[in-house]
Structure formats: structure tokens, C-alpha cells
Amino acid sequence: MKINRKNFLKLAGLAAVGMVIKTGRAASNLPFSKSHVQKFNMHGYGAPKLDKVRIGFIGIGSRGSGTVVRLSSIEGVEVKALCDIVSERIDSTIKYLKREFPSQNPTSYSGDKDDWKEVCNREDIDLIYIATPWELHAPIAVYAMEHGKHVYTEPPVGITLEECWQVVETSERTRKHCFMGCSSAQDGMASVVLNMVRQGFFGEIIHGEGHYIHDRVSDNKVRWERDKKNNNWFGYRPWRLQENVNRNGNLYTTHGIAPVAQMMDVNYGDKMDYMVSISSNDFTMSNKMKEMAEIDNYYKPYVGLNFRGNMNTTIIRTHKGRTIMMQHDISSPRPGHRFDLISGNKGIYRARPDRISTSEEWLGQEEFNSLKEQYTPEITKKFDKIRKKAGEGHGNRSYERVTASDWRLIDCLRNGLPLEMDVYDAALYSAITPLSESSVARQGESVKIPDFTCGAWKTNERGMDISLKQGGTTNLL
Ligand SMILES: NC(=O)c1ccc[n+]([C@@H]2O[C@H](COP(=O)([O-])OP(=O)(O)OC[C@H]3O[C@@H](n4cnc5c(N)ncnc54)[C@H](O)[C@@H]3O)[C@@H](O)[C@H]2O)c1
């Protein structure tokens with residue numbers, strides 16, 4: 001029987017328990033292509049320089065609290081506002097700021113689910129950062145741009161194609177940046193590989209792979225046990241659990257796709273053309289719900305629901321005839337994986353462990369090390385130097401350690417430079433999710449991928465200035 005909300009409530013006896021779970025958002029509303037005409041090309045656009053970057057943060061949960069710490073340690077950043085529906089999350093972040101960055105004195109916004117609008121309405125804020133559950137990203141991003149703010153959102157920027165188009169249209173109309181924070185080829189080994197790609201080491205690029213494999217099921221109980229003292233704040237966030245109910249596809253594309261797309265010059269030289277997507281069955285989540293429901297009533301309503309297949313595999317073909325393979329699995333026991341492989345007609349790079357080959361054999365460690373040194377780009381050298389000068393400094397979780405992309409985002413805003421990842425990249429990487437849901441629902445049928453640049457990809461200048469021709473003037477504290 002297909003589960004809809006009405007018979008689901010009956011089945012699970014939820015009315016008695018007094019709980020409601022959202023079951024299954026429609027896979028996607030589907031304007032695969034839209035008669036959008038580019039109003040203004042945000043690619044290559046540098047907004048007026050900002051001496052200070054005054055930020056309002058919305059969503060101070062696990063990721064958001066770490067971002068407040070990361071961005072606070074970049075020169076020129078002023079933390080103006082923190083907003084979350086749970087005030088304790090703001091309080092603990094402010095306590096940390098008072099100790100480590102006493103000059104920061106943000107205003108708290110809490111209590112109402114629409115308080116974020118007040119933050120966006122303020123005149124003394126330049127950038128809105130968003131780390132809420134996914135369904136709020138596009139509404140907040142659009143509202144923020146409409147109110148004159150640049151946006152830095154966690155992925156995805158939108159959960160439907162309509163939302164992805166909406167952020168593109170709004171960014172073009174308002175000329176406000178919309179940056180999506182995700183893994184990129186600005187960071188770590190991916191930056192070295194991008195440089196090798198650009199210098200022709202791998203020849204013509206043929207194929208790339210990037211995944212989001214992150215075991216959230218088997219590791220330990222912390223992910224599942226409710227912390228009743230801390231506002232029922234789970235290791236496994238309830239909203240994340242709900243996203244996995246009755247949606248089926250690649251729900252988190254951006255960390256895997258971004259570095260590969262950047263290595264293929266997607267949106268500035270090539271474009272994604274079409275894709276197919278197939279999911280396995282679920283072999284773990286429904287069992288996990290039964291197991292957890294035995295010890296915690298909270299999970300009872302989830303017993304018997306459709307969870308998305310554990311493994312989704314999506315294959316994309318680009319206009320220039322390259323292929324990209326992405327996998328997504330957060331619910332089976334296996335080590336994590338993101339950017340994984342790039343191969344061309346002269347060689348290949350593969351991650352974990354990092355390896356390079358130009359034939360059937362992998363190169364030896366010594367040769368690998370010397371290539372790594374030879375191809376480390378300017379942006380990585382500069383960022384490493386600045387980080388060393390500042391000392392390892394603040395933060396003890398990975399979420400709190402400044403990355404090259406954080407640093408470069410603020411550096412570009414302060415220098416009036418185009419951002420390294422723009423609204424077209426954000427929309428495209430996010431759109432792969434609804435497109436994959438649509439393909440999965442039709443047994444892997446091919447779907448066309450919209451061109452959010454409306455043809456400008458043919459003439460856009462190459463993005464990702466890893467040779468740091470401009471800027472690079474911002475320090476870390
Ligand atoms: N870039 C990365 O590596 C990375 C890592 C983790 C999470 N994320 C992303 O960050 C986002 C948040 O994830 P998380 O793990 O921090 O989740 P979380 O549940 O810990 O945090 C979300 C926060 O949003 C708050 N919130 C909900 N509704 C709100 C509203 N109306 N107004 C203000 N605040 C509201 C919640 O109270 C919570 O504190 C997600 O988009 C996730 O995908 C990115």
C-alpha cells in the first residue's frame with residue numbers, strides 16, 4: 001500500500017502519540033528547462049568592496065556554531081547577529097565568542113520561527129549565512145538577497161528546480177552574491193589536482209568521480225540516542241531523518257560534484273547535459289527504526305515507513321562528452337568518501353590513498369610527493385602561510401577550522417572580486433538532487449539538466465582563480 005499522510009497516521013497510530021512526521025515531499029516540480037533569460041551575468045561579477053564583512057548567522061546548530069567560530073578568525077569579519085529557534089544554541093556560541101573573540105558582540109534572535117527575517121531586514125549587515133534544515137535555505141536566501149544582502153548558504157541552495165531557478169533569478173536581479181559552502185577544489189589535495197588538470201598533466205579530461213559516503217548508521221549510539229537535557233538535540237537530527245523518509249535519490253550532491261565540476265570547467269567552458277540515477281533498496285534504515293523503537297518511543301512513528309535506498313548511483317554526461325559518477329550512501333557501514341577520481345587521456349588521480357598514474361601502474365611515493373610539490377597552486381601556498389602565521393588558533397572540531405574556501409570568500413568580498421563559486425554553481429550542484437529523484441522514480445530514465453547560465457557557459461571566463469592573480473590580502477587572527 002502506498003503510504004500517504006492519512007493512512008500513515010492510521011497505521012502508526014500517531015494521533016494517539018501526538019506526533020507528526022512529514023512523509024514524502026513530491027520528488028520535484030519539474031521545469032527541467034525554463035524560459036529564463038539571463039538578466040545579468042553573476043559569473044565574473046565583483047560587487048563593491050567591503051572593508052568589513054558584517055555577518056548575520058541563521059541556524060546555530062552543529063554546523064552553524066562551527067562556522068561562527070571559523071569566520072570569526074578571519075580578518076575583517078564582524079559577527080552582528082545570531083539567530084536560532086533554540087536560544088541555548090546561541091548562548092553557548094556567544095559564551096565561546098566572548099572568550100576567544102571578545103571584540104565580537106552579536107545580537108541574539110530567538111523565539112520565533114520567522115526571526116530570521118528581522119536579521120535580513122537589518123541595514124548594518126552585508127552577508128547572511130544559512131545553516132538551517134534544508135527546506136529553509138532557498139526562502140531565506142531569496143529574502144536576504146531581496147533585502148540587499150549577499151548570501152553564504154550551506155548546501156543545498158534549493159531542494160526543487162523551482163527554488164534553484166528562483167535563487168538564480170534573484171541573484172541576477174539584485175546583483176547580490178549567492179555562495180554555497182561545499183567541498184571545492186580550493187582546498188587541500190583537490191587544489192593540487194585542479195592545478196595539474198589545468199597544466200594539462202592528465203591530458204583531455206574524460207571522467208570524474210565524487211561522492212557523499214558518510215556512515216551515519218553503524219558507528220555508535222550517540223547518533224541515535226536523544227539528549228533529553230539538550231532540547232532533544234540528536235546526533236542524528238530529526239529533520240535529516242525525515243528527509244530520508246520517502247525521498248529516493250542522491251540527497252546530498254554538492255561535496256562530491258563540486259571539485260569534479262571545477263576540474264571540468266563546468267559553467268565556464270562545459271555544461272552538464274543529461275544524467276541517469278538508480279537507487280538500491282533500503283537494507284538498514286527500517287531495521288534501525290525497529291531496533292531504536294524498542295528502546296525509545298520517539299522512533300515508533302518511523303517503523304514501517306519507506307526509507308530511501310542505501311546506495312544511489314548517478315551518472316552525468318557533459319556537453320563535451322565527459323562523464324561524472326557520483327554515489328551517495330549515508331546508511332551502510334563503510335569509510336567516508338568525497339572527491340575521488342579524475343582521469344584524462346594522459347593520466348589519472350585517485351584519492352584514499354592519494355595516487356597518480358600515467359600508465360597501468362601507480363607512480364611511487366617519491367614521484368607522487370614531488371608532483372604534489374610542483375603543482376601546489378598559489379592559493380594553497382598563500383593560505384598555508386597565513387594559517388601558519390596565525391597559529392592553529394581557535395576551535396577544536398573540524399567544523400571550526402578555517403578552510404581555504406572560507407578565507408577566499410571573505411577575501412573576495414573585501415577586495416570586490418568575483419566569488420570563486422557563484423549562484424550558477426550553487427543552483428546546478430543542488431539541482432542534481434531533484435533530478436536524481438525524478439530519474440530514480442522512473443527506473444533510471446535519462447533526464448536533461450538545466451543550464452542555469454542560459455548559454456553563458458560558452459563564453460564565461462574560467463572560474464576558480466587558484467593562481468591568486470588578485471586579492472589574497474586577508475589575514476587570519
Ligand atoms: N559543509 C559541511 O561540511 C556541512 C556539515 C554539516 C552540515 N552541513 C549543512 O548545514 C546545515 C545544518 O546542518 P546541522 O548538522 O548543523 O543541523 P542542526 O540541526 O544541528 O542545525 C540546524 C539549526 O537550525 C535551527 N533552525 C531550525 N529552524 C530554524 C528557524 N526557523 N530559524 C532559525 N533557526 C532554525 C535549528 O534549531 C538548529 O539549531 C544543513 O544544510 C547541512 O546540510 C554542512
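In the predicted model, isoleucine 128 is in contact (C-beta atoms, placed from the backbone, within 7 Å) with Gly56, Ile58, Val119, Cys120, Ile140, Ala144, Lys149 and Val151, its neighbours within four places in sequence being left aside. Apart from the core to which Ile128 belongs lies another core, of eight residues, including Trp224, Met289, Tyr302 and Leu305. The largest nonpolar core, a set of buried Ala, Val, Leu, Ile, Met, Phe, Trp, Tyr and Cys residues joined through C-beta atoms within 7 Å, has 97 residues, and those with the most contacts inside it are Ile128, Ala141, Val167 and Ala427. Its largest share, nine residues, is contributed by helix α15 (residues 423-441).

Tryptophan 116, in helix α5 (residues 115-121), has 26 other C-beta atoms within 10 Å and is therefore buried, a term that requires 20 or more such atoms, with 12 or fewer for exposed and partly exposed in between. Residues up to four places away in sequence not being counted, tryptophan 116 touches Ile58, Cys83 and Ile140, while its C-alpha atom is separated by 9.3 Å from that of isoleucine 85, 31 residues apart along the chain.

Of the 477 residues in the chain, 46% are buried, and the secondary structure comes to 15 helices and 14 strands, taken as DSSP runs (H or I, at least four residues, for helices; E, at least two, for strands) numbered from the N terminus. Among contacts with a separation of 6 or more, 79% join residues 24 or more positions apart.

Residues are numbered from 1 along each chain as its sequence is written. Because the model is predicted, local features need pLDDT of at least 70 and side-chain atom pairs count only at pLDDT 80 or more, whereas totals for chains, interfaces and linings use all residues.

How values were computed: Contact = placed C-beta atoms within 7 Å.
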